[in-house]
Amino acid sequence: MIQNYPRFLGEESEVEGDSRISIISAPLAKTLSWGQGTDQGPRALLDASPALEAFDDELLQETIQAGIETLPPLAFHDCNLETACNRIEAAVGKELARHRFPVILGGEHTVTVPAVLACRKVYPDLHVVQIDAHLDLRESFDNTPLSHACVMRRLAEQGIPFSQVGIRSFSGEEWQLVRERGWQPFTVARMRREPEWLAALCREIKGPVYLTIDVDGLDPSIMPATGTPEPDGLSWVQATDLIRALAARGQGIVGLDLVELAPRPGAEHAAFLAAKLIYRTLGYLFPVASPRNRAQGGCP
Ligand SMILES: [Mn+2]
């Protein structure tokens, strides 16, 4: 049993009785390409989180009343990538089995594959929404089919429907695949051409959503702490508008991860922003105040 690991929002987030939300730290960093340090992402986010106000300034509620339990972090020092993925799938499956909402903190983007597979066992019509600068559709990368650069390819092979938002960096081979399959990712160029992109995104989603947030999907001016800080990313307002709309859909969001946070000296605000984005998302999903206090949201 690991002692003395940080808790999301500190000790105050663990309520009497049963919690509805489980925080699963998955500090996996085995296949990185450029920019190291995602194994430190979960700890940096959790360390920053007690500086958040428990009272959400948009939703006007204390989302911690839903009960947020931070589990001891998963450990991967002693195993290969496949075993690490098996451990993540088992950990997420265990939380779903006790009716908890799973929040997975990466770690590199690879953690999304086992987390999604665990969720799909419970929700067969699961739809993955990916916020990311990258398509992550490579067949393999560095001879590793489970590389962070191949995550969506692996999920596509499983027949899992997905939507990609904030895309602005990909290879010619990836774009060729997109064209062959008739996929229509929400590249930043498309989002600029189509002011109604959020309504279009909501229309293409049928089932419950698994949301994966690669922090490099956000603009590097607000999120510099990641390996590939691509310019022209999502703003805080664009990201929260998107998540609010997804959460307001009938079938909502059933699983969440935030990946590729790589702490940098002098960029501590990035971990704080990541913690607030998680907390805001949980607030959209777990209303604990009277309905008239809640901000209006939904698919436009
Ligand atoms: Mn990415």
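Which helix gives the most to the lining of the largest pocket? Helix H1, residues 41-48, does, with 3 residues. The model discussed here is predicted.

## The largest pocket

The volume of the largest pocket is about 380 Å³. Its lining comprises 19 residues. Nearest the centre lie Pro 27, Asp 39, Pro 73, Leu 74 and His 77.

By class, 12 of the lining residues are nonpolar, 4 are polar and 3 are charged. Helix H1 contributes 3 residues to this lining.

## The manganese site

Four residues supply the protein donors of the manganese ion: Asp 132, His 134, Asp 214 and Asp 216. The aspartates bind through OD atoms, and Asp 216 is listed with two of them. His 134 donates through ND1. Donor distances run from 2.2 to 2.7 Å.

Along the sequence, the donor residues follow the spacing D-x1-H-x79-D-x1-D. Asp 132 sits in the loop between strand E6 (127-131) and helix H4 (151-157), while Asp 214 belongs to strand E9 (residues 209-214), so this pair ties together parts that are 82 residues apart in sequence.

Are these two aspartates buried or exposed? Asp 132 is buried, with a relative accessible area of 0%. Asp 214 is also buried, at 2% relative accessibility.

## Aromatic pairs

The structure holds 5 aromatic pairs. One of them joins Phe 186 and Trp 197. The ring centres are 6.3 Å apart, and the planes meet at 55 degrees. That pair is tilted, because the tilted class takes in angles that are neither under 30 degrees nor over 60.

Where do the two partners lie? Phe 186 is in strand E8 (residues 186-187) and Trp 197 in helix H7 (residues 197-204). The pair therefore ties together parts that are 11 residues apart in sequence. Phe 186 is buried, at 0% relative accessibility. Trp 197 has 9% relative accessibility and counts as buried too, because the cut-off for buried is under 20%.

## Charges over rings

Phe 186 has a second partner in Arg 190. The charged end of Arg 190 sits over the Phe 186 ring, 4.0 Å from its centre. Phe 186 thus appears both in the tilted pair with Trp 197 and beneath the charge of Arg 190.

Which residue lies over the face of Tyr 5? Arg 7 does, at 4.1 Å from the ring centre.

Technical notes
Residues numbered from 1 in each chain as written. Predicted model: local features only at pLDDT ≥ 70, side-chain atom pairs only at ≥ 80, totals over all residues. Heavy atoms only, no water. Phe/Tyr/Trp six-rings, centres within 6.5 Å; stacked < 30°, edge-to-face > 60°. Helix = DSSP H or I, 4+ residues; strand = E, 2+ residues; numbered from the N terminus. Buried < 20%, exposed > 50% of the residue type's maximum accessible area, 1.4 Å probe, protein only. Lys NZ or Arg CZ within 6 Å of the ring centre and 35° of its normal. 1 Å grid on protein atoms, 1.4 Å probe; cavity = no way out; pocket = protein on both sides within 12 Å on 5 of 7 lines; lining within 4 Å. Points joined across faces, edges and corners; volume = space filled by probe spheres on them. Nonpolar A, V, L, I, M, F, W, Y, C, P; charged D, E, K, R; others polar. Donors = N, O, S within 2.8 Å, 3.2 Å for Na, K, Ca; no water.
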